[in-house]
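Visitor: I should like to be guided through this structure, one question at a time. Please give the reasoning before each answer.

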Amino acid sequence: MNFQMIPMRVLGDDRGSLVAVEAEKDVPFAIARVYYIFGTREGVERGFHAHKILQQLAVAVRGSCTMLLDDGKEKVEIKLDAPDKGMYIGPGIWREMKDFTEDCVLLVFADQHYDEADYLRKYEDFLAFLQTAKQ
Ligand code: TYD
């Protein structure tokens, strides 16, 4: 599946911790956009889409949530629960996010500006996209 857990290097000393994120070094792409999801209400599930070309790296910098990834053949569920636990998600992966803790801040780096045309928001469109991409 086109995803990878990327450990973020923590620079710590007796004052605390720091993670630096440099494009094409700590994330495997040039960063065009950063966004963060926070204040997610209890029981809420988000995502439910895939992207045609977008690459992203997500880190729960505070709190935790569960990421479900699906490439049309298999599904994996991974808990993002540490500020040094990066999850790279390539194109063609359906994602759903759930189990947000109240304090969860999910920071996401992306390699493209926001473009609604890059979204596959219906599961059937996602499966059709995978079929076309195979040919
Ligand atoms: P949405 O795609 O529904 O979020 P999620 O996939 O996490 O459930 O995005 C929520 C709204 O924010 C939607 O109106 C699109 C908008 N949005 C932007 O304008 N820019 C962005 O970079 C993102 C990620 C979303």
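**Strands, ligand and pockets**

Guide: In this predicted model, strand 7 and strand 8 form a hairpin with four residues between them. Gly72, in the turn, has a positive phi of about 90°.

Visitor: How many bridges join strand 7 to strand 8?
Guide: Strand 7 covers residues 65-70 and runs antiparallel to strand 8. One of the pairs places Thr66 with Lys79 of strand 8 as its bridge partner. The number of bridges joining the two strands is six.

Visitor: Which strands are the edge strands of the open sheet?
Guide: Five strands form this sheet in the order 8-7-10-5-12, with antiparallel pairing. An edge strand pairs on one side only. The edge strands are strand 8 (75-80) and strand 12 (119-120).

Visitor: Within the sheet, which residue of strand 10 stands opposite His49?
Guide: Strand 5 (residues 46-51) and strand 10 (residues 94-98) run antiparallel and are joined by three bridges. In strand 10, the residue opposite His49 is Arg95.

Visitor: What is the bridge partner of Asp13 in strand 3?
Guide: Strand 2 (residues 10-13) and strand 3 (residues 16-19) form a hairpin with two residues between them. Four bridges join these antiparallel strands. The bridge partner of Asp13 is Gly16.

Visitor: Turning to the ligand, which strands each supply at least two residues of the shell around it?
Guide: The ligand is surrounded by Arg33, Tyr35, Ile37, Arg46, Gly47, His49, Met97, Tyr114, Tyr119 and Arg121. By class, this shell has five nonpolar, two polar and three charged residues. The strands that each supply at least two of its residues are strand 4 (33-38) and strand 5.

Visitor: How far from an oxygen atom of the ligand does a polar side-chain atom of Arg33 lie?
Guide: Several polar atoms of the protein can be considered in turn. For Arg46, a polar side-chain atom lies 3.1 Å from an oxygen atom of the ligand. For Gly47, a polar backbone atom is 2.9 Å from a ligand oxygen atom. For the polar side-chain atom of Arg33, the distance to an oxygen atom of the ligand is 2.4 Å.

Visitor: What percentage of the ligand's accessible area does the protein cover?
Guide: The ligand makes a contact of 2.9 Å through one of its oxygen atoms with a polar backbone atom of Gly47. On its own, the ligand has 540 Å² of accessible area. The part covered by the protein is 60%.

Visitor: Which strand gives the most to the lining of the largest pocket?
Guide: The largest pocket has a volume of about 240 Å³. Of its 15 lining residues, the closest to the centre are Tyr35, Ile37, Gly47, His49 and Met97. Strand 4, strand 5, strand 6 (56-62), strand 10 and strand 11 (105-110) each supply at least two residues of the lining. The strand that gives the most, with three residues, is strand 5.

Visitor: How many nonpolar residues are in the lining of the largest pocket?
Guide: The lining divides into three classes. Three of its residues are polar and three are charged. The number of nonpolar residues is nine.

Visitor: What volume of space lies in the second largest pocket?
Guide: This pocket is lined by Asp71, Gly72, Lys73, Leu127, Leu130, Gln131, Ala133 and Lys134. Gly72 is also the turn residue with a positive phi in the hairpin of strand 7 and strand 8. By class, the lining has three nonpolar, two polar and three charged residues. The space in the second largest pocket is about 160 Å³.

Methods: Residues numbered from 1 in each chain as written. Predicted model: local features only at pLDDT ≥ 70, side-chain atom pairs only at ≥ 80, totals over all residues. Heavy atoms only, no water. Pairing = 2+ DSSP bridges. Near = heavy atom within 4 Å. Polar contact = N/O pair within 3.5 Å; in protein donor to acceptor, adjacent residues only side chain to side chain. Areas by Shrake-Rupley, 256 points an atom, 1.4 Å probe, with all protein chains shown as cover. Nonpolar A, V, L, I, M, F, W, Y, C, P; charged D, E, K, R; others polar. 1 Å grid on protein atoms, 1.4 Å probe; cavity = no way out; pocket = protein on both sides within 12 Å on 5 of 7 lines; lining within 4 Å. Points joined across faces, edges and corners; volume = space filled by probe spheres on them.
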